Structures are given as C-alpha cells and as structure tokens.
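Welcome, and please get your viewer ready. We will go from one selection to the next, with a short note at each stop.

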Amino acid sequence: MPTITKTQTLKIDGSTGEGGGQIIRTALSLSMLTGTPIEIINIRAGRAKPGLMRQHLVCVQASQAISDAIVTGAQLGSTTFSFVPSAIKSGDYIFDIGSAGSTSLVLQTLLPALLFANTGLAAQSTVTIKGGTHNPLAPTTDFLNQAFVPALAKLGMHVNIERQKVGFAPIGGGVIKATITPFLRRANTPSFTLIERVDLVNIALVASVLNLDYDICKRELASTQASLIESGIDKTLITTHSHKLQGMGEGNTCYAQVTHQVGEPSAQPYHQEQYHQEVFTLLGEKRSSAENMGNRLAGLVKRYLLSTNALVDEYLTDQLLLPLALSGGGEFSARMISAHTETQAWLIEQFLPVEIQFDVVDDDKTLVKVIA
C-alpha cells in the first residue's frame, strides 16, 4: 500500500485520545511510509512530564536516519516538532537510547517503514538497539518474539528479533538486533482472518531472573501452575521453563504463552500457521513476592481463557492495526478495545485510505475489521 506521497503538512495534536508516546511513534512510521510531512503539537500534554523523553527522541532520530528526514524542534522536553521524510533506506543501523528506555518501542517505530524499504529489491535491513528489553508499560522482547512476530508472519511479514543482552530498568544495558525482510504482498492472497478459537494447545509458563535467587523462578512457576489447575485447566497442557539471564543489574520477569488452534488446515492461506499465540508478561517488583507474581500471572491467563472466546488480547490488538492496514486488511476478534487502540485507529485513518471498524459482539468480544 505505501505508495502515497503527500506534500501538505499534516498537523497532529499529540494530546488526542490516549495522548501518549504512541502517537509520536505511529505518526513517524506513517509519515515515512506515506511521505507525509508532519507537525506534532501538545506532545504528551497530559503526562506528569510532558514533551519528548529520551526514548521518544531516539525514535525521532532513528526515523530521521532511515528516511533522510528534515527535523526541526526535536529535543528532550519538546512539546512540538516537525518531521519531513524523504525515501526510506534499507541498511544496517545501530541506535543507543542511552538509558533503560524501551528498545521494543523504538523498533516498532522503524519496523513498518523498513518492511517497505526498497520494495522489490529484497534488501534486508538490520537494526541494533541498545537500552531496556524489559520495561514497565512497554512490550518486552519476549512479547515481541512470542506473540507479535508470529502474528506478523501470518501476514507474510518476516522479522527476526535476537535479544543479545537483557536490560532491566533502571540500568538498562540490553541489546536487541532485528533482521527485517521487505514485505512483498502476493497476488490473490486471502484476507487475514483470526476470529474463532478451536482447541487450547498449550500454556507455556516461563520465569527468568537476572542476578537474583534462582528459587524465585521456581516459586513463581509453582504458584502460577497451581492457580491455573485449581481453576480447572488441564495440567497436561501446562509446561514450565526457567532461565538465568546474563547482563548488568538485577531483574525478574515471568510470562505465559497461550497457544490455540485457530482453524482447519484447508481454511487457512498457505502462509498462515494453524495456531495463535497470546503472551502475558509481568516484571518482578521488590514489594511483591514470587507467589503473588505467580497468582497475578495466572489471573491474566484465566481472564483471557475463561471470560471471553475472543482470540486477540488487548496489547496485540493495538499492535496489529497498522500491519493489517499496510498489508491489505483483515479482521480478528478482540477481548477489549482500549483507549490506546482507539487512538491508534484514529491516527492510521489520518494517513491511509483505510477504515477501521469495532463491532461489539458482547462485553468481552469485539470484531475488529480493517478495510483497506
């Protein structure tokens, strides 16, 4: 789709809707993809510390690097900046956030653009980003690899993300390297459809520690597993894994990957696997015991499994909208539509000739349609 070129500057109010850093990241992605000059005002106006923070500024600087953009007004604390892109260039890039800021969010800003860089030339790009890999209020590298990347693969978008070093707040020190293959949409590819659950295949529970007592992992996993079994979930569907991470500082994370079969083989396009993965992630907190962490993780899984028959949970819903809009559209069932998701849909429609519909089926299920 991204062959649009607009010369008139699009002015975006950064306080619209959810009003956070997502507006900055998505606007940069879409500006590069469509060639649209943008001016963003009122950046993060409702936040305790308004304006660009370090990871937002790196998103701007990294976008400038891959698209030869002209940028004015972008510095730490800025509440307004303008961005005029040129052509997106594939290549090998290295960016350093300089803090424990989220490497995942910087990558998600660049990823849509680089998927369409030099389309037709099969020119892969690599992006190495230094900073935090496990951050509050941001997708972890685990989430990207176990949920987001498999969802992109269903669209025919091929991305590989390698976590070379782990980095927890407040120290950071993490490194990820993404290899991105330009997206080429095949003719007569069926539309993306991800609506009906079939069978629960597996719940993989994973706990990891960085320079902390390994017993924390065992206690988190035992607590999560016990809570799930108590709720009636088949014990044979649950697997557990624990890891000692290497890196600076200290940290703990646990997550659950929930896998469903989503359809009969004959009903799926050639490039779609027959499974859907949702990932629920928590980061350890000093005032929260391992047992409490395990119970909280089990609660997230049970809410998804027992309160709805929708396939896609809150965070992946938000992140699927732009790839779907760029790859020809599609539809999926979502557990909930957050303010984040509504803001994302509004912003995409400012740049692209698409319509995004949210059709409520019941309190815990909404049919999301991206019509491109």
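In which helix is Gln22 found? Select residues 21-34, which make up helix 1, and you will have Gln22 in view. Keep in mind along the way that this is a predicted model.

**Stop 1: around Gln22**

Is Gln22 buried or exposed? Its relative accessibility is 5%, so Gln22 counts as buried, the cut-off being under 20%. Now add Asp318, His340, Thr343 and Gln344 to the selection: Gln22 is in contact with these residues, leaving aside neighbours within four places in sequence.

**Stop 2: the whole chain**

Zoom out to see the protein with its eight helices and 16 strands. Along the principal axes, the C-alpha trace spans about 60 × 50 × 40 Å. The radius of gyration is 20 Å, which agrees with the value near 21 Å that a compact globule of 372 residues would have. Buried residues make up 56% of the 372. Among contacts with a separation of 6 or more, 73% are between residues 24 or more positions apart.

Switch on a surface if you like: the accessible area is about 15,600 Å², and carbon and sulfur atoms account for 49% of it. Colouring by charge will bring up 28 positive and 32 negative side chains, with the centres of the two sets 7 Å apart.

**Stop 3: the nonpolar cores**

In soluble globular proteins, nonpolar side chains tend to be buried together. Select Phe81, Leu114, Ile203, Phe332, Ile348 and Leu352, the residues with the most contacts inside the largest nonpolar core, which has 100 residues. A second core, separate from that one, has five residues, including Phe168, Leu210, Leu245 and Leu283.

Centre next on Leu114. Not counting residues up to four places away in sequence, Leu114 touches several partners, among them Ile66, Ile88, Tyr93, Val127, Ile180 and Pro182. Lys89, Ser90 and Ser125 are also touched by Leu114.

**Stop 4: backbone details in loops**

Go to the loop between strand 7 (159-165) and strand 8 (174-180), where Pro170 is found. The peptide bond joining Ala169 and Pro170 is cis, with omega about 5 degrees.

Then move to Asn42, in the loop between strand 2 (38-41) and helix 2 (54-67). Phi of Asn42 is positive, near 50 degrees, in a residue other than glycine. With a relative accessible area of 37%, Asn42 is partly exposed.

Finish at Asp68, in the loop between helix 2 and strand 3 (70-72). Asp68 is not a glycine, yet its phi is positive at about 50 degrees. Asp68 is partly exposed, and its relative accessible area is 46%.

Technical notes
Residues are numbered from 1 along each chain as its sequence is written. This is a predicted model: local features need pLDDT of at least 70, side-chain atom pairs count only at pLDDT 80 or more; totals for chains, interfaces and linings use all residues. Side-chain values use heavy atoms; hydrogens and water are left out. Helices (H or I, at least four residues) and strands (E, at least two) are DSSP runs, numbered from the N terminus. The radius of gyration is taken over C-alpha atoms; the globule rule is 2.2 Å times the number of residues to the power 0.38. Buried means under 20% relative accessible area, exposed over 50%, partly exposed in between (1.4 Å probe, protein chains only). Contact means heavy atoms within 4.5 Å. Accessible areas come from the Shrake-Rupley method with a 1.4 Å probe; for residues, only the protein chains shown count as cover. Lys and Arg count as positive and Asp and Glu as negative; His and the chain ends are not counted. The place of a charge is taken as NZ of Lys, CZ of Arg, CG of Asp or CD of Glu. A nonpolar core is a set of buried Ala, Val, Leu, Ile, Met, Phe, Trp, Tyr and Cys residues joined through side-chain atoms within 4.5 Å.
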